[in-house]
Amino acid sequence: MQKSTNSDTSVETLNSTRQGTGAVQMRIKNANSHHDRLSQSKSMILTDVGKVIEPISRHRRNHSQHVLKDVIPPLEQLMVEKEGYLQKAKIADGGKKLRKNWSTSWIVLSSRKLEFYKESKQQALSNMVYGHVNDNTKTGHKPESVDLCGAHIEWAKEKSSRKNVFQITTVSGNEFLLQSDIDFIILDWFHAIKNAIDRLPKDPSGSSRNLELFKIQRSSSTELLSHYDNDTKEPKPEHRKSLMFRLHHSASDTSDKNRVKSRLKKFITRRPSLKTLQEKGLIKDQIFGSHLHTVCERENSTVPRFVKQCIEAVEKRGLDVDGIYRVSGNLATIQKLRFIVNQEEKLNLDDSQWEDIHVVTGALKMFFRELPEPLFPYSFFQRFVEAIKKQDYSTRIETIKSLVQKLPPPNRDTMKILFGHLTKIVARASKNLMSTQSLGIVFGPTLLRAEDEMGNMAIHMVYQNQIAELMLSEYNEIFGSEED
């Protein structure tokens, strides 16, 4: 009886091989013997070349996965916390600086990451339904994802001439700028992302360990066993020599690094002071980034020479230019002009390399933006804010006028020349399209800001613009009675 069963089995196998290659599971009808009971839990696969492979039992694999699920809990699902359109610019990739290029992105914030899309998910779905193809629906294209674990978020006013800009820096060295012209929207995004970062562990290695556990959970039992077998195996004798070489080599690298560190420390301790280098003429006092009173004392005046030169150039050939002070100039050319001014080289703004008047206005705005203390000193900020809050218009003007008269001479005289120049811009508003409100938006946050502006940034911004607008519209009342 057993012989006939074996012969029937061989006939079934031969027929299946003739019909085509593939998997043929042997089904044993009689399972009385011990050998037959063992064969029931296995399957046989015939490949193209006739090799027999015995895969893992499904029952055994399922059992191991159930055990893993009991030991390793699955990662929590990522919930969408916020989504919407923002302006985005990636300025660094893995620590390598990139050219700033603003673009509109649909941003999705989940519990541990940010995702940047070209368009909203709903729009992408509708495009797929109606047959449109875009960057999000192309095959293989994935949205850019940012892991927030260990990331850092901060306001980055100096990174862009745009308002309401904050920066996100990841542990991998990627840097992103996010911006919106609407104050409450950007504030809402800033606090939402900051709260998400604060909830995550500061050590990014913890998240990598969770991902490794997730990969182990999804792997088969054979892969899991081989993974741990490889970890527990001792190094083979033929590899011990190379291992000792690597240890010796790493030790020598460490000693070299220690020698370099000690030499650097000696160099730093022996280097001359900044004052000594300035006295020898090796380092010159710079214009950009210095205090206003320091620049004026050096030039023996109450208004910096560079400010006067820029104003003269704009009034000579830029009063009728569309968007003057609003349109940004070429940043590389502005930095070149900044370098020349800091080196105290002879500056001629009528030179052909400065023919773009937006470069001159951009450099002037950069000068005021880089002042360690703004043109409106920090100690006067709250007093100007209280003055603009007054309900009576005449009282408001008189209060601001008295505050201007109490300013230090460099601040007061520079302010008078600058706002007098801006009134000439407003007088040509029909041609340059720059109204009092437009100039207030441009110069308000640049000239007037709180020392700690993280508290009520949106409210401060409103007052900054209003103060600049009032000083422009009531220039004669505020500065008219002062001596020239």
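## Crossing of α12 and α13

In this predicted model, helices α12 and α13 cross with a right-handed sense. The residues that make the contact are Leu331, Thr333, Ile334, Gln335, Leu337 and Arg338 on the α12 side, and Val359, Gly362, Ala363 and Met366 on the α13 side. By type, the contact between α12 and α13 consists of six nonpolar, three polar and one charged residue.

Two packed helices are described by the angle between their axes and by the distance between those axes. Helix α12 covers residues 331–342 and helix α13 covers residues 357–369; their axes are 9 Å apart and meet at an angle of about 60 degrees. Angles of 65 to 115 degrees count as roughly perpendicular and those under 35 degrees as roughly parallel; α12 and α13 are therefore oblique to each other.

## Salt bridges of strand β8

The model has 16 salt bridges. One of them joins the side chains of Glu144 and Lys88, with an N to O distance of 3.5 Å. Glu144 belongs to strand β8 (residues 144–147) and Lys88 to strand β4 (residues 80–93), so this pair links distant parts of the chain, 56 residues apart. Which of these two residues counts as buried, and which as partly exposed? Lys88 counts as buried because its relative accessibility is 11%, under the 20% limit. Glu144, at 27% relative accessibility, counts as partly exposed. Glu144 and Lys88 also belong to a network of salt bridges that includes Lys90 and Asp93.

Strand β8 takes part in another salt bridge through Asp147, whose partner is Arg112; the closest N and O atoms of this pair are 3.3 Å apart. Arg112 sits in the loop between β6 (103–110) and β7 (113–117), while Asp147 is in strand β8, so the salt bridge ties together parts of the chain that are 35 residues apart in sequence. Both ends are partly exposed: Asp147 has a relative accessibility of 37%, and Arg112 has a relative accessible area of 24%.

## Thr170 and its contacts

Where does Thr170 lie? Its place is in the loop between β10 (165–169) and β11 (175–179). Thr170 is buried, because its relative accessible area is 10%, which is under the 20% limit.

Apart from neighbours within four places in sequence, Thr170 is in contact with Val146, Asp147 and Ala151. Asp147 is thus a contact of Thr170 as well as the salt-bridge partner of Arg112.

## A salt bridge between α16 and α11

Lys424 and Glu315 form a salt bridge through their side chains, at 3.4 Å from N to O. Lys424 is in helix α16 (residues 409–427) and Glu315 is in helix α11 (residues 305–317), so the pair ties together parts that are 109 residues apart in sequence.

Lys424 counts as partly exposed, at 41% relative accessibility. Glu315 counts as partly exposed at 27%.

## The chain overall

The chain contains 20 helices and 11 strands. Of its 484 residues, 36% are buried; Lys88 and Thr170 are among the buried residues.

How much of the contact between residues at least 6 apart in sequence joins residues at least 24 apart? The share is 64%.

Conventions: Residues numbered from 1 in each chain as written. Predicted model: local features only at pLDDT ≥ 70, side-chain atom pairs only at ≥ 80, totals over all residues. Heavy atoms only, no water. Axes fitted to C-alpha atoms, helices over the stretch in contact; angles between N-to-C directions. Helix = DSSP H or I, 4+ residues; strand = E, 2+ residues; numbered from the N terminus. Parallel < 35°, antiparallel > 145°, perpendicular 65-115°, else oblique. Left-handed = near helix turned anticlockwise from the far one by under 90°. Contact = heavy atoms within 4.5 Å. Nonpolar A, V, L, I, M, F, W, Y, C, P; charged D, E, K, R; others polar. Salt bridge = Lys/Arg side-chain N within 4 Å of Asp/Glu carboxyl O. Buried < 20%, exposed > 50% of the residue type's maximum accessible area, 1.4 Å probe, protein only.
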